[in-house]
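Here is a friendly note to read alongside the model. Please keep the structure open as you go through the points.

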Amino acid sequence: MTVSRRGVLRGAAVAAVGAAGTAAGVRAATADEPAAATQREPVELTWWGNHAWQIRSGESVVLTDPWLTRFVTGTYTPEGADETTRIVSKPSVIDKYVTKADAILVHHGHYDHLPDVPYVARRTKATVLGNETHLNLLRAMRAPGDQLTQVVGGEYLPFKGFTVEVFRSLHSCGGERHQFAFPGTRPAVVPPKPRTIADLVEGGTLAYVLTIGGLRILSLSTAGFDPVALKDLEVDVVLAAPGGEPGVTDRLLKTIKPVPLVIATHWDDFDKPLDEPAEDWGGLAKLQASVLATGAEFRKVEHLESITL
Ligand SMILES: [Zn+2]
């Protein structure tokens with residue numbers, strides 16, 4: 001397509017609500033639907049490495065898996081992650097970046113997603129969405145209990161300024177036995193306080209569609225996905241992670257309706273500092289090829305870079 005990205009996105013946003021756009025690209029709301037559901041406003045996405053995104057439109061701010069402390073784990077070395085690595089969360093690092101949040105979307109329980117959520121939640125008073133295991137792990141790490149909202153997939157949750165749809169998802173896996181690190185769940189009771197990265201089990205994986213500023217963003221924290229949950233989903237943007245089983249991203253992009261823009265997530269070696277340029281752990285080229293093969297635009301942003309859509 002030769003139209004600008006703005007045009008593509010605007011067209012997709014209009015298509016997503018099922019009607020032709022006006023000259024301004026914004027469809028007038030009819031009497032029985034709220035104007036907020038159809039108007040396009042600028043949406044700013046800022047990447048804090050791994051799957052930590054700040055997504056802002058107007059006064060609304062939503063964070064995905066806000067993990068900013070980053071400690072050395074060995075994850076992307078030939079030896080793999082040292083499972084005795086202690087979990088640390090550093091307010092002095094987090095405070096440099098996190099200023100405000102209305103909601104925090106927890107995608108799974110692993111050490112590169114969860115450890116900073118308790119502090120960020122306490123500081124921002126944001127509502128934290130996660131499944132039973134994620135929330136039990138967060139309780140064990142002293143997250144504020146009254147801000148935790150349990151979800152399983154299937155929810156449609158309107159907030160002031162944005163909506164969140166929750167979907168069942170799957171963690172990516174690999175190798176001859178199709179495994180991933182630290183599987184397991186922590187249902188029913190709050191476990192002992194997690195001390196090492198092995199204590200933060202995956203706990204099930206969720207995907208989210210955030211609709212903010214009229215833009216529909218599918219947020220995936222790993223290359224895995226549930227093909228039943230996402231069948232024929234219509235969104236404007238996908239945050240997609242490299243890795244996983246061969247062809248998994250090709251299958252994802254065939255499962256959902258054609259999407260105009262895919263932004264790479266979780267592609268950096270998170271043992272390296274956030275305030276230096278992101279280092280590709282080796283999955284980016286394959287992800288890009290899968291995206292470009294569908295005719296979608298592929299973008300990667302740098303550590304701490306913001307883009308406005
Ligand atoms: Zn993970």
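The points below cover the basis of the model, its two sheets and its core.

1. This is a predicted model, in which local features need pLDDT of at least 70, side-chain atom pairs count only at pLDDT 80 or more, and totals for chains, interfaces and linings use all residues. Residues are numbered from 1 along each chain as its sequence is written.

2. One open sheet has seven strands in the order β6-β5-β4-β3-β2-β1-β14, with mixed pairing. Strands (E, at least two residues) and helices (H or I, at least four) are DSSP runs, numbered from the N terminus, and two strands pair if DSSP finds at least two bridges between them. β6 (148-150) and β14 (306-308) each have a single partner strand, so one side of each lacks a neighbour in the sheet.

3. Within that order, β3 (residues 60-64) and β4 (residues 103-105) pair in the parallel sense over three bridges. Thr64 has Leu105 as its bridge partner in β4.

4. Another open sheet of seven strands runs β7-β8-β9-β10-β11-β12-β13, again with mixed pairing. Its edge strands, β7 (156-159) and β13 (297-299), pair on one side only. β12 (residues 261-264) joins β13 in the parallel sense over three bridges, and Ile263 has Arg299 as its bridge partner in β13.

5. Which residues touch the most other members of the largest nonpolar core? They are Val62, Ile104 and Val128, in a core of 78 residues. Such a core is a set of buried Ala, Val, Leu, Ile, Met, Phe, Trp, Tyr and Cys residues joined through C-beta atoms within 7 Å; buried means 20 or more other C-beta atoms within 10 Å of a residue's own, with C-beta atoms placed from the backbone.

Note on methods: A residue is buried if 20 or more other C-beta atoms lie within 10 Å of its own, exposed if 12 or fewer, and partly exposed in between; C-beta atoms are placed from the backbone.
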